[in-house]
Amino acid sequence: MNILGIETSCDETSAAVVRDGREIVSLVVNTQIDLHRVYGGVVPEIASRLHIESIDEVVSRALRQAKMTMQDVDAVAVTAYPGLIGALLVGVNFAKGLAYSWDRPLVPVHHIRGHIASNYLTHPDLEPPFLCLIASGGHTNLAVVEDYTRMRLVGRTRDDAAGECFDKIARVLGMPYPGGVEMDRAAQRGSVGAYHFPRVKVEGSPLDFSFSGLKSAAINLLHNLEQRGETVAVDDFAACFSDALVGELIDRLALALDGTGLKKVALAGGVSANTLLRARAGALCRERGCELFLPELSLCGDNAAMIASQGYYEFLAGARAGLDLNAAATKAL
Ligand code: KG4
Ligand code: ZN
């Protein structure tokens with residue numbers, strides 16, 4: 001079964017064809033990053049306008065790359081939630097037009113479920129149940145993936161997302177947007193020990209995350225150093241901050257492993273590209289005798305292949321949308 005996936009939830013316009021949920025036949029990702037960089041972050045209205053300009057070309061290229069026409073596509077899957085509402089509406093409306101004119105089923109996909117599915121594309125043998133840590137620019141969740149379309153949220157952030165936190169500190173350190181990858185590079189050059197950050201616990205909810213305190217502590221520390229006229233060793237700062245943030249993620253992952261008794265772990269979302277996180281998750285899983293699944297680096301960020309993959313499993317589970325499908329900025333996993 002060939003599914004055409006469409007993703008426009010943030011700043012990537014993407015289309016892909018995926019066979020039977022596991023095999024990428026084609027994938028086109030048109031990133032808007034260069035156009036948002038001058039503003040230091042994604043400007044929602046600009047994102048919507050750029051999606052509407054490029055969506056037709058991106059979908060056409062994905063079909064050409066797959067050497068397919070509408071006859072070969074069995075269903076259209078689209079990210080309908082969560083994300084920037086104006087950006088989502090572009091993809092949803094385009095997918096509706098295709099589904100209507102091609103007379104194919106329309107399958108709405110949850111963006112975060114799509115991130116989880118990036119692991120199915122990377123690891124053909126991965127099957128639920130498994131524990132998944134999802135960390136992106138807008139979300140940080142710990143979920144038990146009980147089945148392809150049944151997830152149980154066991155932990156979530158109470159405030160900022162891990163990626164948002166990386167981006168914010170990178171910005172204060174003077175790195176270009178998106179800062180996560182820049183922080184990763186700097187952290188690899190630096191060493192830990194010089195800067196200290198608080199560890200955070202959410203009272204009564206040991207699997208929940210809270211990053212706003214860590215973020216404020218880092219900003220205050222930078223501010224104080226600046227006021228005292230001390231130069232910040234940027235690479236060391238990035239290494240210490242990454243160590244603290246990744247420490248929060250790994251501590252919860254370890255706790256969740258103990259609590260669920262699961263022996264398979266996956267990472268997902270943009271932050272799953274982080275070098276330190278991948279290494280620490282590897283060490284944790286070796287220590288606990290668990291199997292670790294990491295998405296291929298090129299599939300960690302937003303892309304339509306993961307949406308087509310999850311769309312396949314949603315389709316098998318009976319998910320269908322009518323032409324009245326609406327987008328939503330937020331939606332439970
Ligand atoms: O999943 P994603 O592409 O978009 C959302 O759904 O939000 O995640 C983007 C986030 C950004 O905050 C970006 O800085 C972060 O993932 N990111 C990283 C790395 N690569 C991307 N954070 C840390 N280390 C990285 N290597
Ligand atoms: Zn994403």
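**Notebook: annotated domain and binding-site residues**

I began with residues 23-308, whose end C-alpha atoms lie 10 Å apart. Helix makes up 49% of the span and strand 17%. I am working from a predicted model. I chose this span since the unreviewed UniProt entry annotates residues 23-308 as "domain: Gcp-like".

Next I looked up the binding site. The same record, unreviewed, lists His111, His115 and Asp302 under "binding site". I then checked how these residues sit in space: they are spread over 192 residues of sequence, yet they cluster, with a largest C-alpha distance of 8.7 Å.

I took His115 next. I found His115 in helix α4, which runs over residues 111-122. Is His115 buried or exposed? I counted 30 other C-beta atoms within 10 Å, and the cut-off for buried is 20 or more, so His115 is buried. Leaving out neighbours within four places in sequence, I noted contacts of His115 with Ile134, Ser136, Ala268, Gly269 and Met306.

I then turned to Asp302. Where does Asp302 lie? I located Asp302 in the loop between β10 (291-293) and α10 (304-316). Asp302 has 27 other C-beta atoms within 10 Å and is therefore buried. Which residues does Asp302 touch, not counting those up to four places away in sequence? I listed Glu7, Ser9, Cys10, Glu12 and Ser14.

To close the entry, I recorded His115 as a buried residue in helix α4, and Asp302 as a buried residue in a loop.

Definitions and conventions:
Residues are numbered from 1 along each chain as its sequence is written. Chains are lettered from A and ligands numbered from 1 in the order in which they are written. This is a predicted model: local features need pLDDT of at least 70, side-chain atom pairs count only at pLDDT 80 or more; totals for chains, interfaces and linings use all residues. UniProt positions are given in the numbering used here, feature names are shortened, and annotations may be inferred rather than shown by experiment. Helices (H or I, at least four residues) and strands (E, at least two) are DSSP runs, numbered from the N terminus. A residue is buried if 20 or more other C-beta atoms lie within 10 Å of its own, exposed if 12 or fewer, and partly exposed in between; C-beta atoms are placed from the backbone. Two residues are in contact if their C-beta atoms, placed from the backbone, lie within 7 Å.
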